[in-house]
Amino acid sequence: MKIVSLGTNCEVSFFIEQFTARKLDSYISSWARMNFDTIGALDVFHNLEKVLDSTWTLLPWGMVKQDALNIGFHLKKSKDILFDKKGEVNQTEYAEALAELKSRLNHLAEKTKRLFEEEEQDILFVCKIEDDYENTLLYLAKLSKILKDKVKKANYVLLAFVTKGKAERLNAAGISRNLLVQDVDFLQSPPIKKRGGFDLKNWQDGFLKAVTKLRNDRLEMYTRNMLENAPIAEVKSGDASGSFDPQTNTIECRSSDNSYFGITYDIPLKAVKNKKLCLHIAIDQINSERNDVGYIQFWEKSTEKPETYSGFLENILCDKTDYLIWYTVPNDITSLRLVIQAKNGSFKMSDCSLKLSLLN
């Protein structure tokens with residue numbers, strides 16, 4: 001499991017180090033001050049590569065602010081080095097410190113992008129926000145939407161710490177199934193570095209709840225039927241006509257040749273690339289004079305083959321009414337469809353489910 005701070009300042013990172021008893025694995029937001037403009041600062045995650053496209057302001061206490069996003073970052077040089085005794089900026093020292101910061105941020109931006117797109121371990125994202133209810137709701141809604149769009153493979157939870165008893169109301173708002181909000185009695189701004197400078201009980205309770213949720217969500221992934229909310233479309237060949245009854249899950253094809261009529265399910269690609277899927281189809285009420293009454297396909301589109309093609313095919317036979325099929329999703333896939341079709345007759349799907357395989 002990875003634990004990643006999303007701000008809004010260093011207090012979150014300090015507690016992660018205390019909770020894990022090890023040095024923090026840093027990303028773009030780990031040690032940043034993101035509460036100059038809390039909601040606007042989240043835009044950094046939309047275009048990580050553009051974090052350097054800005055002017056910079058050196059602040060009196062030695063932090064530098066990225067002006068476009070209003071995010072503060074720490075320089076490696078101290079305030080005493082950056083300013084002379086008269087309070088004037090030492091331009092040479094500042095230029096060196098800013099160059100080092102830009103190099104570091106470029107590395108952290110690339111590292112954060114890889115985390116979002118490639119990480120397959122569980123991720124616990126942690127943030128804090130101290131604002132009124134409406135702004136806190138908007139902040140968590142925006143951050144939840146960003147993570148939903150950006151995190152491609154990992155099972156993750158966003159743990160958010162808030163004050164003034166807002167957690168119950170925010171958890172009930174249904175912002176995201178991945179979100180868990182925890183009340184604390186106080187938050188530090190600026191954070192104090194000494195251990196014990198937190199509302200320790202509530203911070204620890206939040207972490208324990210989030211780790212439990214991560215575990216439960218991971219188990220749920222293997223029981224979730226990916227077809228339940230998948231978009232369905234009809235498909236046919238030649239002059240075939242037919243119908244699909246979603247109430248009874250019955251597919252019928254009216255044709256006198258080898259034409260087919262069926263349905264396709266668009267499979268969400270998040271977290272399934274390079275994974276094994278397990279498809280279960282049980283059929284009954286078969287009405288056909290053919291032995292091969294239909295077939296099952298996975299249609300793939302990839303970067304190497306931009307045209308849709310069949311990555312898998314298996315016939316549905318009238319003397320075989322239960323199918324359990326394992327299929328590995330290619331890593332370079334750009335779209336994936338499950339296709340179930342009938343030929344010259346009809347059958348009812350008494351069960352049709354697609355789940356992550358335990359064989360992964």
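Biologist: In strand 16, which residue is the bridge partner of isoleucine 263?

Modeller: In this predicted model, isoleucine 263 has isoleucine 340 as its bridge partner in strand 16. Aspartate 266 stands opposite arginine 337 of strand 16, while phenylalanine 298 has leucine 338 of strand 16 as its bridge partner.

Biologist: How do you know that strand 11 and strand 16 pair?

Modeller: Two strands pair if at least two bridges are found between them. Strand 11 (residues 261-266) and strand 16 have 6 bridges and run in the antiparallel sense, so the pairing condition is met. Strand 13 (residues 292-302) is also antiparallel to strand 16, with 9 bridges joining them.

Biologist: What is the order of the strands in the open antiparallel sheet of 5 strands?

Modeller: The order is 8-11-16-13-14. Strand 8 (232-236) and strand 14 (309-317) each have a single partner strand, so they stand at the edges with one side lacking a neighbour in the sheet. On average, neighbouring strands here are turned by 20 degrees against each other, direction ignored.

Biologist: Why is strand 16 called largely enclosed?

Modeller: A residue is buried when its relative accessible area is under 20%. In strand 16 (residues 333-342), 7 of the 10 residues are buried, so the strand is largely enclosed by the rest of the structure.

Biologist: Let's move to the parallel sheet. Which strands stand at the edges there?

Modeller: That open sheet has 4 strands in the order 1-5-6-7. Strand 1 (2-5) and strand 7 (179-183) are at the edges, because each has a single partner strand and so has one side without a neighbour in the sheet. The average turn between neighbouring strands is 20 degrees, direction ignored.

Biologist: How many bridges does strand 6 share with strand 7?

Modeller: Strand 6 (residues 156-162) pairs with strand 7 over 5 bridges, in the parallel sense. Phenylalanine 161 stands opposite glutamine 182 in strand 7. Helix 5 (residues 133-150) lies across strand 5 (123-128), strand 6 and strand 7, at about 165 degrees to strand 6.

Biologist: Why are helix 1 and helix 7 called roughly perpendicular?

Modeller: Helix 1 (residues 10-20) and helix 7 (residues 200-221) pack at an angle of about 75 degrees, with axes 12 Å apart. Angles of 65 to 115 degrees count as roughly perpendicular, and therefore these two helices are described that way.

Biologist: Which residues make the contact?

Modeller: Helix 1 brings Glu11, Val12, Phe15, Ile16, Gln18 and Phe19, and helix 7 brings Leu200, Trp203, Gln204 and Phe207. The contact residues divide into 7 nonpolar, 2 polar and 1 charged.

Biologist: What makes helix 1 mostly covered?

Modeller: Of its 11 residues, 8 are buried: Cys10, Glu11, Val12, Ser13, Phe14, Phe15, Ile16 and Glu17. The elements covering these buried residues include strand 1, strand 4 (71-74), strand 5 and helix 7. Helix 1 is followed by alanine 21, whose phi is positive, near 55 degrees.

Biologist: Serine 13: buried or exposed?

Modeller: Serine 13, found in helix 1, has a relative accessible area of 0% and is therefore buried. Leaving aside neighbours within four places in sequence, serine 13 is in contact with Ser5, Leu24, Ser30 and Trp31.

Biologist: And why is glycine 87 called partly exposed?

Modeller: Partly exposed covers the range between the 20% and 50% cut-offs. Glycine 87 has a relative accessible area of 46%, so the label is partly exposed. Glycine 87 is found in the loop between helix 3 (79-82) and helix 4 (91-118). Glycine 87 and tryptophan 299 are 212 residues apart in sequence and 66 Å apart in space, C-alpha to C-alpha.

Biologist: How do you know that cysteine 278 is in no disulfide?

Modeller: A disulfide needs a pair of cysteine sulfur atoms within 2.5 Å. For cysteine 278, the nearest cysteine sulfur is that of cysteine 352, 12 Å away, and for cysteine 352 the nearest is that of cysteine 278. By this rule the count comes to 0 disulfides.

Biologist: What makes cysteine 352 count as buried?

Modeller: The cut-off is under 20%. Cysteine 352 has 14% relative accessibility, so it counts as buried. Cysteine 278 is buried too, with a relative accessible area of 17%.

Definitions and conventions: Residues numbered from 1 in each chain as written. Predicted model: local features only at pLDDT ≥ 70, side-chain atom pairs only at ≥ 80, totals over all residues. Heavy atoms only, no water. Axes fitted to C-alpha atoms, helices over the stretch in contact; angles between N-to-C directions. Contact = heavy atoms within 4.5 Å. Parallel < 35°, antiparallel > 145°, perpendicular 65-115°, else oblique. Nonpolar A, V, L, I, M, F, W, Y, C, P; charged D, E, K, R; others polar. Buried < 20%, exposed > 50% of the residue type's maximum accessible area, 1.4 Å probe, protein only.
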